[in-house]
Each structure stands twice: as C-alpha cells, then as structure tokens.
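This briefing looks at aromatic side chains, taking ring pairs, their solvent accessibility and charges placed over rings in turn.

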Amino acid sequence: VQLQASGGGLVQAGDSLRLSCAASGRTFAGYGMGWFRQAPGKERETVAVISYSGTNTWYIDSVKGRFTISKDNAKNTIYLQMNSLRPEDTAVYYCAAGNFGRYIDFVATNWESYEHWGQGTQVTVSS
C-alpha cells in the first residue's frame, strides 16, 4: 500500500493550495481517508477526513470554511483544497487511509485510526 501526497509549497497568507493524495497497491474499498498535519514542536492533528462513500466529512474548527476535502474513488485519490491560508497552517501535511470495512459512511477523527500513511508534503505560509 502506497500513498503519495503532493501539492505543498511556499505561499503567502491568503493564497490557496490544493493537495492531492494518490493511493495505490490494493483496492481501497471501505477505506476512509484524510489529511493530517504536524507543525514543528506540536502534536499531529487531524485536519479533514472523508468517509469511503464521500457522504460524510469532518474538519478541525480552525479550517472550517477555508479547506475542502474531496475524493475520486475511481482514481483512489483524495484532495484538500486550502483557501485563505494562514501562517498557522504551516506544517507537514500527511494523507492517510483507514480500513473501516462495511462502514462506508464512517469518519474517524482520531489519526491513530488510520494505518496507511503517505510521506508528507510541506506547506509553508508566510505572513
């Protein structure tokens, strides 16, 4: 199982970025996926997650109204559209996948629920 995240970069406050995460190596039927981030000296936090069905999503309060998670099951790919970026969004962003079986509408907000992780992509927002 491989997850390849891309799309990070250095931007100014107020700019936008779109992260992509392509999954490969097996079928991902029943897998929920999400985006997580970790800033230097801080704990990893869940940013946005989406159920396998795509029906349900969850966002951390600090990104609500600015970030949008979406997915394309045919491509085994999820996206994170990040608008109105702030310096406090600076972090390494990781995508991850978790097998929730037949619970195709389930979203897990605890990052420890996800067993497959990508390599991370750096997002830096300057003020």
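Is Trp111 buried, partly exposed or exposed? In this predicted model, Trp111 has a relative accessible area of 32% and is therefore partly exposed, a class that lies between the cut-offs of 20% and 50%. The points below place Trp111 among its aromatic partners and then turn to arginine side chains that sit over rings.

**Aromatic pairs and cluster**

- A search across the whole structure yields six aromatic pairs.
- One of these is formed by Phe100 and Phe106, whose ring centres are 5.1 Å apart and whose planes meet at 75°, so that the pair counts as edge-to-face.
- Another joins Trp111 to Trp117, with ring centres 6.2 Å apart and planes at 75°, and because an angle over 60 degrees defines the class, this pair is edge-to-face.
- One aromatic cluster is made up of Phe36, Tyr94, Phe100, Phe106, Trp111, Tyr114 and Trp117.

**Accessibility of the paired rings**

- Phe100 has a relative accessibility of 13% and therefore counts as buried, whereas Phe106, at 40%, counts as partly exposed.
- Trp117 has a relative accessible area of 26%, which means that Trp117 is partly exposed, and Trp111 is likewise partly exposed at 32%.

**Charges over rings**

- Arg44 lies over the face of Trp117, at a distance of 4.5 Å from the ring centre, and Trp117 is itself a member of the aromatic cluster.
- Arg18 places its charged end over the ring of Tyr79, 4.0 Å from the centre of that ring.

Methods
Residues numbered from 1 in each chain as written. Predicted model: local features only at pLDDT ≥ 70, side-chain atom pairs only at ≥ 80, totals over all residues. Heavy atoms only, no water. Phe/Tyr/Trp six-rings, centres within 6.5 Å; stacked < 30°, edge-to-face > 60°. Buried < 20%, exposed > 50% of the residue type's maximum accessible area, 1.4 Å probe, protein only. Lys NZ or Arg CZ within 6 Å of the ring centre and 35° of its normal.
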